[in-house]
Amino acid sequence: MNPDEATRTREDKGWRSAALAGVDAWGPRLRELSHSLHAEPETALAEHRSAAKITALLAEAGFAVERGVAGMETAFIARYGRGELHLALCAEYDALPGLGHACGHNVNGAASVGAALGLAAVADALDLTVEVIGTPAEEDTGGKVLLLDAGVFDAAAAAMMVHASPRDTVRATSLAVGSWDVVYRGSPSHAALAPWQGVNALDAFTVAHTALGLLRQQLPPGSLVHTVLHEAGTAVNIIPALARGRCEMRAPDAEQLAVVRERVRACFEAGALATGATLELVPHGQEFADMRQDDALSSAYERAARALGRVPQDLSGSTMASTDMGNVSRALPSIHPTIGYATDGAEPHTAAFAAYGTSPQADAAVLDGAKALALTGAQVAADPGERRRLLDALALRRAGRTGTRVEPAPA
């Protein structure tokens, strides 16, 4: 039997309709999960209720659940099936401080759970092991990087997820990103009687912020720098002795990020030099790599989405923001398309976007995202050539002949 005949034979066994039915059977529960996550948003590494809700549903569906993996209480892995081909669905569920699910991770997480349930319905027929990997702190420290380092993805031949968005897209890359916690320490003094005796930590941050503004013209194309000031003094009549903030740096890839980092470091050092304050730069969380979408998986996803009536925009060569899924994509074939719903022009990371997270269109995005991912996984499992490609790549990775760990940058 040639590969085409083998593929048709598996298709004739009804895996496509079974995968879709597997999602539909859990449709009301998936909508309920998305709404419940949205109603009780939890921030990075504090997603205890969210992780519990997701793992309870997966356990009810027959998945074997391991909680608290990779040293993170809110990370988990849930498995179904005993097949040779392991496919991982990455579930996100952390929210943004003060904004709730303004990045739509309630949709992301519920869609990955739904996709896993759809694939579980065909796991025996397609010789699959379905894995749901619960990935905390995407909005902050980058749980997926820690999960990679802990070996949680070691058995997976491919990793997939969809991300909430105002639009459907495929094949976009993302920006590499790294962060510092910034601390200036000066000395206090009375702001009127003896200001010259103080060392103003707020002035140091102001000098650095001004230098960063001037630096932007000379940054490599596609590079970005953002800062936020968390603390700067306690009373207006006391010279601020402490200023704390955070700086985030982005670039098209890790190599350019290293260049940006050194230029930005000089701006913060200038603040210390100008004022006499001392400077501490401490890496915050994990460095995120740029996303490398697997073309064959992207094509399979696009076909699946179109079959559901969606028309994803091909963003090859374009960038989204940043994601720790980029690190996963450096280690194994991965996709991170977006699933769209109407938001009246609101973009992610705003309260307006969060307000649409439980709309009827967002609910439809949960089910369509789940179905598109389930069909993608089933397509590659049923295609002998794709199946072999993924298993061969996994064998090479296990043999140590591939690896794309992005080392954290020094402070």
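1. The sheet. In this predicted model, four strands form an open sheet in the order β9-β10-β8-β11, and the pairing is antiparallel. β9 (224-232) and β11 (278-283) are the edge strands, each pairing on one side only. Neighbouring strands are turned against each other by 20° on average, direction ignored.

2. The β8/β10 pair. Strand β8 covers residues 176-185 and strand β10 covers residues 242-251. The two run antiparallel and are joined over 10 bridges. For a register check, take Ser-179: its bridge partner in β10 is Glu-248.

3. Helices on the sheet. Helix α7 (residues 201-215) packs on the sheet and touches β8, β9 and β10. The direction of α7 makes about 165° with that of β9. Helix α8 (residues 254-275) also packs on the sheet. Its contacts are with β8, β9, β10 and β11. The direction of α8 makes about 10° with that of β8.

4. Arg-185. This residue lies in strand β8. Is Arg-185 buried, partly exposed or exposed? Its relative accessibility is 40%, so Arg-185 counts as partly exposed. The side chain of Arg-185 makes a polar contact with the side chain of Glu-280, at 2.9 Å. Beyond residues up to four places away in sequence, Arg-185 touches Ala-241, Leu-242, Ala-277, Thr-278 and Glu-280. Gly-276 is 91 residues away along the chain, yet the C-alpha atoms of Arg-185 and Gly-276 are separated by 9.1 Å.

5. Helices α2 and α3. The axes of α2 (residues 15-25) and α3 (residues 27-39) come within 5 Å and cross at roughly 55°. The two helices are therefore oblique to each other. Val-23, Asp-24 and Ala-25 in α2 meet Gly-27, Pro-28 and Leu-30 in α3. By class, this contact has 4 nonpolar, 1 polar and 1 charged residues.

6. Lys-144. Look for this residue in helix α6 (residues 143-149). Its relative accessible area is 0%, so Lys-144 is buried. What does the Lys-144 side chain join through a polar contact? The partner is the side chain of Glu-92, at 2.6 Å. Setting aside residues up to four places away in sequence, Lys-144 touches Cys-90, Glu-92, Thr-135, Pro-136, Glu-138, Phe-153, Met-161, Asp-324, Met-325 and Val-328.

7. Asp-324. Where does Asp-324 sit? Its place is in the loop between β12 (313-314) and α10 (325-331). Asp-324 counts as buried because its relative accessibility is 0%. The side chain of Asp-324 reaches the backbone nitrogen of Gly-143 at 3.3 Å. Leaving aside neighbours within four places in sequence, its contacts are Glu-92, Glu-138, Gly-142, Gly-143, Lys-144, Val-145 and Phe-288.

8. Reading points 6 and 7 together. Lys-144 and Asp-324 are in contact. Glu-92 and Glu-138 appear among the contacts of Lys-144, and Glu-92 and Glu-138 also appear among those of Asp-324. Two details are worth a look on screen. One is the 2.6 Å polar contact between the side chains of Lys-144 and Glu-92. The other is the 3.3 Å approach of the Asp-324 side chain to the backbone nitrogen of Gly-143.

How values were computed: Residues numbered from 1 in each chain as written. Predicted model: local features only at pLDDT ≥ 70, side-chain atom pairs only at ≥ 80, totals over all residues. Heavy atoms only, no water. Buried < 20%, exposed > 50% of the residue type's maximum accessible area, 1.4 Å probe, protein only. Polar contact = N/O pair within 3.5 Å; in protein donor to acceptor, adjacent residues only side chain to side chain. Contact = heavy atoms within 4.5 Å. Axes fitted to C-alpha atoms, helices over the stretch in contact; angles between N-to-C directions. Parallel < 35°, antiparallel > 145°, perpendicular 65-115°, else oblique. Nonpolar A, V, L, I, M, F, W, Y, C, P; charged D, E, K, R; others polar. Pairing = 2+ DSSP bridges.
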